[in-house]
2 protein chains.
Amino acid sequence: MLPDLPWRPIVTESISQNTAPLRTSERILDAAEDLFAQKGYAATSLGEVADRVGIRSPSLYNHFRNKEALYEAVLERLLEEFGRPLQALQSAQALDQEHVIEWVEAIVRQHHANPNLAKLLQHAALSGGPHTNEIIERLFSPMFRAPGDEAMDGDYFGHLSRLGLQPWAVMAFNNLVMSYVTMAPMYRDLLGQDPFSDEALAQQLTLIRTLLKSVFAYRGE
Amino acid sequence: MLPDLPWRPIVTESISQNTAPLRTSERILDAAEDLFAQKGYAATSLGEVADRVGIRSPSLYNHFRNKEALYEAVLERLLEEFGRPLQALQSAQALDQEHVIEWVEAIVRQHHANPNLAKLLQHAALSGGPHTNEIIERLFSPMFRAPGDEAMDGDYFGHLSRLGLQPWAVMAFNNLVMSYVTMAPMYRDLLGQDPFSDEALAQQLTLIRTLLKSVFAYRGE
DNA sequence: CGGGCTAATGTGAATAATCGCGCCTCCTGA
DNA sequence: TCAGGAGGCGCGATTATTCACATTAGCCCG
């Protein structure tokens, strides 16, 4: 038994916990995030999470109460780090169409940098689990402001606004951005390039910007 | 145990298998289709499928070799019934933009009538399973024709074609359509209406048509 | 300076539930 | 009577979870 223990003292991180191996709980979150995003909550086993971290599954319970709590911690971290860069943009921006484009492009870059939130939301939406509403609310509250606030309530979408389809248009562009990452394998196959490369990001940005400008410019048939 | 069995003799389907209760294998396919679409392959248990049909799980093996074969039968049926109405359109249509709109709208109606194919593809794309490529190929081969065939290769997308983004635009509109059904709970929450109602379908069609016309009309910044 | 306390974090073993799947039996309808 | 299709039973694997431990690091105290 115990042929050779993979034990290293793990450099004593007296004060600087910044460099070198992260705390175990962070590494658990990293592994669980990827697995939940890829396979969904039910299809992810704690044993697999533990394997990736390099520990046994019972050890997970030293850091998280149970599987559900682990999922919520993953979700919490994702939502927080996704919203942070957007809050700066949100408070400082004027209300013209150019800033709407900037806003959407920032979201594209966020999902491109870490596709896991979009994947998690897609899994939740598909299986209609209890997390769906929570994610939706926290993710979209910055987009749909309270009535009276005119942030996203102007005539940005030109003809579409006149048709009463403004919220539908907001949803559509958001889905467009998110489905790009949740459908990444499709892009890899059909376009023959890595969908997360810098070139692909540039093309995706050009596409989104062109689509937005098209809609802004459109004045009805 | 066995408080009250939900057993009805289920009217004898002597010859007319057309009306009334379908053959068992069809009912298995129906149940499995919904469950695979909702929870994905790994998270769906055969016991759950059997429960929905009203039989015990070992009886499933009288109709399908194993879980994998059941999934492939579900997929086969979905792909076949999805492509059937489109083939008529495909062969008969001229090549102008109005027919591209008709084509896209037909796809919208198909996914609206049965969202399960889109959900299945989304699950496959997320977990990167071995089915992904098969679905993609069979679903998109009518859209991307062989080079030389100009079906989807004209200047439909105006400025976007000039940017070399035509395939990206095709993918984008397809994702738009599919994400509407895979993200249905989001629409229910944020827009406060049943995303599969006739009104919602009409609005979705208007949105897609307007977006297409916008792009068609756009001539660069 | 050393000894013991505590909290943190790891381990293997064990449990109950559930999974896919195969074997065998029995019933029923043509 | 005979075969297809249903159920019963059970195996082996995997699941989340709990438990009874080891081992470590830091801290207080004499």
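What follows is a chat about how a predicted model of two protein chains and two DNA strands is read.

Biologist: Let's start with DNA strand C. What makes Ser59(A) a polar contact of that strand?

Modeller: An N or O atom in the side chain of Ser59(A) is 2.7 Å from a phosphate oxygen of DNA strand C. The cut-off is 3.5 Å between N or O atoms, so the pair counts.

Biologist: And which part of Arg56(A) reaches a phosphate oxygen of DNA strand C, backbone or side chain?

Modeller: The backbone: one of its N or O atoms lies 2.9 Å from that phosphate oxygen. Thr24(A) uses a polar side-chain atom instead, at 3.0 Å from a phosphate oxygen of DNA strand C.

Biologist: Which residues come nearest to DNA strand C?

Modeller: Of the 16 around it, Arg56(A), Ser59(A), Asn62(A), His63(A) and Leu46(B). Among the strand's atoms within 4 Å of the protein, 68% are sugar or phosphate, and bases make up the rest.

Biologist: On to DNA strand D. How do you know that a base is contacted there?

Modeller: Look at Asn62(B): an N or O atom of its side chain is 2.8 Å from a base nitrogen of DNA strand D. That is within 3.5 Å, so it is a polar contact. Phosphate oxygens of DNA strand D are reached too, by the side chain of His63(B) at 2.6 Å and by a polar side-chain atom of Tyr61(A) at 2.7 Å.

Biologist: What classes of residue make up the surface near DNA strand D?

Modeller: Six nonpolar, ten polar and two charged.

Biologist: Now the protein pair. What is the area buried between chain B and chain A?

Modeller: About 4900 Å², with carbon and sulfur atoms giving 76% of it. Leu126(B), Trp168(B) and Met186(B) supply 16% of what chain B buries against chain A, more than any other three residues.

Biologist: Why is that kind of area quoted for an interface?

Modeller: Because the size of an interface is often given as the accessible area lost when the parts come together.

Biologist: How many salt bridges and polar contacts link chain B and chain A?

Modeller: Zero salt bridges, so no Lys or Arg side-chain nitrogen of one chain is within 4 Å of an Asp or Glu carboxyl oxygen of the other. Five residue pairs are in polar contact, both residues being at pLDDT 80 or more.

Biologist: Which helix gives the largest share of the side of chain B that touches chain A?

Modeller: H8(B), with 13 residues. By class, that side of chain B has 32 nonpolar, 17 polar and four charged residues.

Terms used. Residues numbered from 1 in each chain as written. Chains lettered and ligands numbered in written order. Predicted model: local features only at pLDDT ≥ 70, side-chain atom pairs only at ≥ 80, totals over all residues. Heavy atoms only, no water. Near = heavy atom within 4 Å. Polar contact = N/O pair within 3.5 Å; in protein donor to acceptor, adjacent residues only side chain to side chain. Nonpolar A, V, L, I, M, F, W, Y, C, P; charged D, E, K, R; others polar. Buried area = accessible area lost by both parts, 1.4 Å probe. Helix = DSSP H or I, 4+ residues; strand = E, 2+ residues; numbered from the N terminus.
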